[in-house]
Amino acid sequence: IACRNAQKSEATRDLILATHPAAQVSTVEVDLGNLASVLRVARELRCRFQRLDFVYLNAGIMPNPHVNFKALWHGLLTGRVLHMLTTAEGIMTQTDRLNGDGLQEVFATNLFGHFILVRQLQSLLCGNEKPSRLIWTSSSNARESAFSLSDYQHAKGQESYSSSKYATDLTSVVLNRKFNKQGLYSSVVCPGLVMSNMTYRILPVFLWKLLMPIMWLIRFFAKTYTLTPYNGAEAHVWLFKQKPEYLDALVKYHSCTSGLGKSYVEPRKIDVDEETAEKFYQKLLELEKQTLERYSDLLD
């Protein structure tokens with residue numbers, strides 16, 4: 001279990017061992033938004049393990065989220081409100097900032113830190129007897145309209161979360177093209193709308209309490225309202241059971257929950273241009289080279 005909060009990872013470890021006492025569960029502390037932390041944990045993992053079968057790339061932040069009530073009202077008048085409520089398109093904005101590495105914080109945490117980790121763990125992921133898997137947590141909020149190759153860190157916009165998740169989709173597509181022959185496969189999932197510490201920051205707590213009965217009703221029309229982390233993890237667990245060779249690299253797997261509470265997985269085509277994906281991947285490699293020059297002491 002890799003987590004930036006050591007107490008949380010240890011608590012999770014204890015919960016797992018309480019129900020599976022024979023399991024071997026280890027923890028590492030890492031902040032995906034800090035390159036030095038990522039490089040240190042990668043070095044530690046290379047010492048601990050000879051191979052990695054699954055890596056769930058799940059870290060994410062959405063700093064200072066705001067609801068654009070004007071856009072929401074417009075969606076209500078134009079009949080697009082259900083689409084907006086299920087994708088947050090046009091109604092969610094964030095205020096981003098630079099981190100200690102001089103990178104946009106959301107881009108660094110949601111994508112680039114994971115990318116560097118995967119690159120640093122390549123020797124444990126590729127060339128194994130059985131395929132290895134990367135499973136990225138993306139979002140239905142991943143939209144091409146929020147992403148720009150000329151501003152891929154999203155320094156100039158207000159939808160950094162959406163941009164970072166679209167960048168995640170692009171990255172996964174290219175990783176499959178480059179590493180499937182070496183036994184490494186990548187998939188993206190959407191957990192749906194899950195009530196977590198991230199979503200609870202969008203509105204005051206008392207408003208969420210008033211809205212929750214309405215949200216349960218919306219689920220009869222919007223199957224991506226999974227609401228609980230348990231339901232949101234449906235696609236993550238489902239992918240664990242699949243043979244990666246038979247999965248479509250251009251599909252995102254969505255956790256869904258019916259109005260009656262039944263959880264299931266729905267595959268949907270990813271809206272990505274493969275040429276754009278390749279160009280973005282090259283930009284990631286260039287940024288990797290630039291940023292890692294200052295951390296030579298943490299590289300083997």
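Here is a short briefing on the nonpolar cores, one bent helix and a surface patch of this structure.

The model is predicted, with local features needing pLDDT of at least 70 and side-chain atom pairs pLDDT 80 or more, while totals for chains, interfaces and linings use all residues. Residues are numbered from 1 along each chain as its sequence is written, and side-chain values use heavy atoms, leaving out hydrogens and water.

**Nonpolar cores**
- The largest nonpolar core (buried Ala, Val, Leu, Ile, Met, Phe, Trp, Tyr and Cys residues joined through side-chain atoms within 4.5 Å) has 50 residues, and F107, F112, L121, L125, L134 and F280 have the most contacts inside it.
- Elements that each supply at least two residues of this core include helix 2 (35-48), helix 5 (105-120), strand 6 (132-137) and helix 11 (274-292); helices (H or I, at least four residues) and strands (E, at least two) are DSSP runs numbered from the N terminus.
- Helix 5 gives the largest share, eight residues.
- A second, separate core of twelve residues includes M62, Y161, M195 and I202.

**Helix 5 and F112**
- In helix 5, 15 of its 16 residues are buried (under 20% relative accessible area with a 1.4 Å probe, protein chains only; exposed is over 50%, and partly exposed is in between).
- A kink of about 40 degrees in helix 5 is centred on F112, the bend being the angle between axes fitted to the seven residues ending there and the seven starting there.
- Beyond its neighbours within four places in sequence, F112 is in contact (heavy atoms within 4.5 Å) with L35, L103, F107, L284, L287, E288 and T291.

**Surface patch**
- L217, F220, F221 and L260 form a nonpolar surface patch with about 550 Å² of accessible area together. Patch residues have over 30% relative accessible area and no salt bridge, with nonpolar side chains (Val, Leu, Ile, Met, Phe, Trp, Tyr) joined within 5 Å and like charges within 9 Å; a salt bridge is a side-chain nitrogen of Lys or Arg within 4 Å of a carboxyl oxygen of Asp or Glu. Accessible areas come from the Shrake-Rupley method with a 1.4 Å probe, and for residues only the protein chains shown count as cover.
- L217 lies in helix 8 (residues 205-218) and is exposed, at 54% relative accessible area.
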